[in-house]
Amino acid sequence: MRVVICGGGVIGACTAYFLRRHGVEVIVVERTEVAAAASGKAGGFLARDWCSGTPLDALARRSFALHARLPQEIEGDWGYRPMSAYAGHVVPDGDPRRTAPSAFDWLSDGIVIGQPLGTTETTAIVHPQKFTSAMMNAALAQGAELRFGRVTGIGRDPHGTRAKGVEVEGSIIEADAIVIAMGPWSLLAAIWMNMPALYGQRGPSIVYDTGTHVSADALFLEMEIYGAVTPIEVFPRPDGSTYVTAWPDTAAFPTDPADVKPEYNRLHNLQRMSERLSPLFRPEKIIATQACFRPVTEDGLPLIGRVPQDDGLYVATGHGVWGILNAPATGEALAELIVEGATRNVDLAPFDPARLKPLNVRRR
Ligand SMILES: Cc1cc2nc3c(=O)[nH]c(=O)nc-3n(C[C@H](O)[C@H](O)[C@H](O)COP(=O)(O)OP(=O)(O)OC[C@H]3O[C@@H](n4cnc5c(N)ncnc54)[C@H](O)[C@@H]3O)c2cc1C
């Protein structure tokens with residue numbers, strides 16, 4: 001059996017890894033580079049039970065457990081680290097109140113740290129670019145193939161009922177099964193095939209070189225800027241960098257993932273907010289300023305499973321804010337579905353692509 005995976009983000013990489021463990025022939029087609037988009041520019045924050053009470057709960061719990069197990073299973077260091085998480089807020093300028101415990105003495109005055117949101121049992125972090133690359137490398141080491149090229153269409157059998165191959169810039173790679181995992185660019189497949197629409201939600205981020213001065217705690221803070229209270233998230237990583245991100249927007253995404261850029265004003269505001277948080281967030285300490293698009297669906301839940309009326313065509317995308325967290329369990333479950341026809345650990349019914357109306361663009 002040969003499976004062609006379209007997209008080398010975290011979902012494509014994890015699916016390739018778990019498919020290879022079933023001994024299936026796997027080819028990944030990636031347009032730019034592995035982890036070129038959100039999977040390389042996300043925070044990488046993981047939480048075991050923050051999806052409790054939602055249809056994502058079982059997927060998130062299974063994936064959180066897999067994240068903890070994978071460092072013992074595959075080679076590489078992607079900065080997996082259990083960490084605590086706290087809520088807090090920034091008091092307005094001029095109010096010198098400080099109620100942060102001493103572990104937070106790297107923060108400026110006037111940052112109030114509140115109740116813990118997570119402990120080292122329930123929250124963790126990975127470096128998303130390194131994690132995605134490690135998963136892809138593990139798949140390649142087990143015999144998967146990675147081809148660079150732009151997926152431009154899906155080929156069907158003469159009866160038009162079964163997806164038979166992936167068109168890559170004019171040539172066809174034949175396949176017994178195809179997985180669409182192109183993040184927001186899976187919208188292209190929705191145009192070609194019978195799939196629901198995908199949207200992109202852009203988020204800016206800044207990565208600072210903070211060395212060893214920052215405690216291993218994720219912070220979810222609120223800060224007033226231009227009269228509006230805005231959330232800002234801070235994720236220190238074991239490699240001595242700290243990732244800061246803030247509010248998303250819904251800009252249209254460019255056709256080429258390599259063209260994704262942060263919007264100037266949002267980036268500028270994020271930098272101002274970061275500088276208010278800590279003297280460590282100085283301009284000369286900036287390692288990267290970037291933006292990426294979360295893939296989102298109409299109802300906010302991912303699409304994971306077989307595309308209706310298209311035997312052999314599967315999709316795994318739309319993971320929104322939890323794509324890094326939920327990638328391992330998505331890859332594991334999809335591999336089981338493709339190879340064995342059923343999943344063992346997670347019920348994919350809530351994510352069945354059939355629940356949403358297809359985009360309904362006339363097929364080519
Ligand atoms: C600012 C921000 C912070 C985030 N923080 C977190 C977090 O802390 N924790 C968490 O769990 N999640 C987080 N996320 C969400 C997470 O990053 C995404 O859900 C996840 O990365 C989506 O992965 P993906 O593989 O589906 O898509 P992508 O990462 O978008 O990968 C899609 C791949 O497909 C390729 N591609 C596109 N078109 C084609 C084509 N035509 N042919 C071939 N290849 C193509 C692209 O080049 C890309 O490599 C964050 C997202 C953002 C934007």
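**Exercise 1.** Is Ala35 buried or exposed?

Solution. The model is a predicted one. Start with the place of Ala35, which is the loop between β2 and α2. Next, take the relative accessibility of Ala35, which is 5%. The cut-off for buried is under 20%. Ala35 therefore counts as buried. A further point concerns the backbone: phi of Ala35 is positive, at about 60 degrees, although Ala35 is not a glycine.

**Exercise 2.** Find where Glu169 lies and state what is notable about its phi.

Solution. Glu169 is in the loop that runs between β10 (163-168) and β11 (171-174). Its phi is near 45 degrees. That value is positive, in a residue other than glycine.

**Exercise 3.** Describe how the chain is divided into domains and how the domains meet.

Solution. First, list the parts. The domain assignment gives domain 1 as 2-77 + 126-197 + 298-355, and domain 2 as 84-119 + 200-296. Second, take the distance: the C-alpha centres of domain 1 and domain 2 are 29 Å apart. Third, take the contacts. Domain 1 contributes 21 residues that are in contact with 24 residues of domain 2.

**Exercise 4.** Where does the largest nonpolar core lie with respect to the two domains, and why?

Solution. Begin with the core itself. The largest nonpolar core has 64 residues, and those with the most contacts inside it are Ile5 and Met135. Then ask which domains supply it. Domain 1 and domain 2 both give residues to this core, so the core lies between them. Apart from this core there is another, of 29 residues, which includes Val168, Ile173, Met193 and Phe293. As background, nonpolar side chains in soluble globular proteins tend to be buried together.

To see the surroundings of one core member, take Met135. Leaving aside neighbours within four places in sequence, Met135 is in contact with Ala13, Cys14, Tyr17, Phe18, Leu70 and Ile74.

**Exercise 5.** Work out which parts of the protein surround the ligand.

Solution. Step one is the set of residues. There are 39 residues around the ligand, and those that come nearest are Glu30, Ser39, Cys292, Val321 and Leu325.

Step two is the polar pairs, which here involve backbone atoms of the protein:

- A polar backbone atom of Val321 is 2.8 Å from a nitrogen atom of the ligand.
- For Gly43, a polar backbone atom is 3.0 Å from a ligand nitrogen atom.
- For Ala38, a polar backbone atom is 3.4 Å from a ligand oxygen atom.

Step three is the cover. On its own the ligand has 1000 Å² of accessible area, and the protein covers 98% of it.

Step four is the secondary structure. The elements giving two or more residues to the shell around the ligand are the helices α1 (10-21), α2 (38-41) and α7 (323-340), and the strands β2 (25-30), β16 (241-245) and β17 (286-296).

**Exercise 6.** Place Gln290 and Val4 in their strands and decide whether each is buried or exposed.

Solution. Gln290 belongs to strand β17. With 13% relative accessibility, Gln290 counts as buried. Beyond residues up to four places away in sequence, Gln290 touches several residues, among them Lys41, Gly203, Tyr243 and Leu267.

Val4 belongs to strand β1 (residues 2-6). Its relative accessibility is 0%, so Val4 counts as buried. Val4 and Val29 are 25 residues apart along the chain, and their C-alpha atoms are separated by 7.3 Å. Val29 is also one of the residues that Val4 touches, and others include Ile27, Val166, Ile173 and Val179.

**Exercise 7.** Examine Leu221 and Met223 in strand β14, giving burial, distances and contacts.

Solution. Strand β14 (residues 217-225) holds Leu221, and Met223 lies in strand β14 too. The relative accessibility of Leu221 is 1%, so Leu221 counts as buried. For Met223 the value is 5%, and Met223 therefore counts as buried.

Now compare sequence separation with distance. Leu221 and Gly149 are 72 residues apart along the chain, with C-alpha atoms separated by 41 Å. Met223 and Val91 are 132 residues apart in sequence, with 7.5 Å from C-alpha to C-alpha.

Last, the contacts, not counting residues up to four places away in sequence. Leu221 touches Gly88, His89, Ile111, Ile113, Thr230, Pro231, Ile232 and Leu277. Met223 touches residues including Val90, Thr230, Met273 and Leu277. Thr230 and Leu277 thus appear in both lists.

Technical notes
Residues are numbered from 1 along each chain as its sequence is written. This is a predicted model: local features need pLDDT of at least 70, side-chain atom pairs count only at pLDDT 80 or more; totals for chains, interfaces and linings use all residues. Side-chain values use heavy atoms; hydrogens and water are left out. A nonpolar core is a set of buried Ala, Val, Leu, Ile, Met, Phe, Trp, Tyr and Cys residues joined through side-chain atoms within 4.5 Å. Buried means under 20% relative accessible area, exposed over 50%, partly exposed in between (1.4 Å probe, protein chains only). Domain bounds come from an automatic or database domain assignment. Contact means heavy atoms within 4.5 Å. A residue is near a molecule or strand if one of its heavy atoms lies within 4 Å of it. A polar contact is a pair of N or O atoms within 3.5 Å; within protein, one must be able to donate a hydrogen and the other to accept it, and residues adjacent in sequence count only if both atoms are side-chain atoms. Accessible areas come from the Shrake-Rupley method with a 1.4 Å probe; for residues, only the protein chains shown count as cover. Helices (H or I, at least four residues) and strands (E, at least two) are DSSP runs, numbered from the N terminus.
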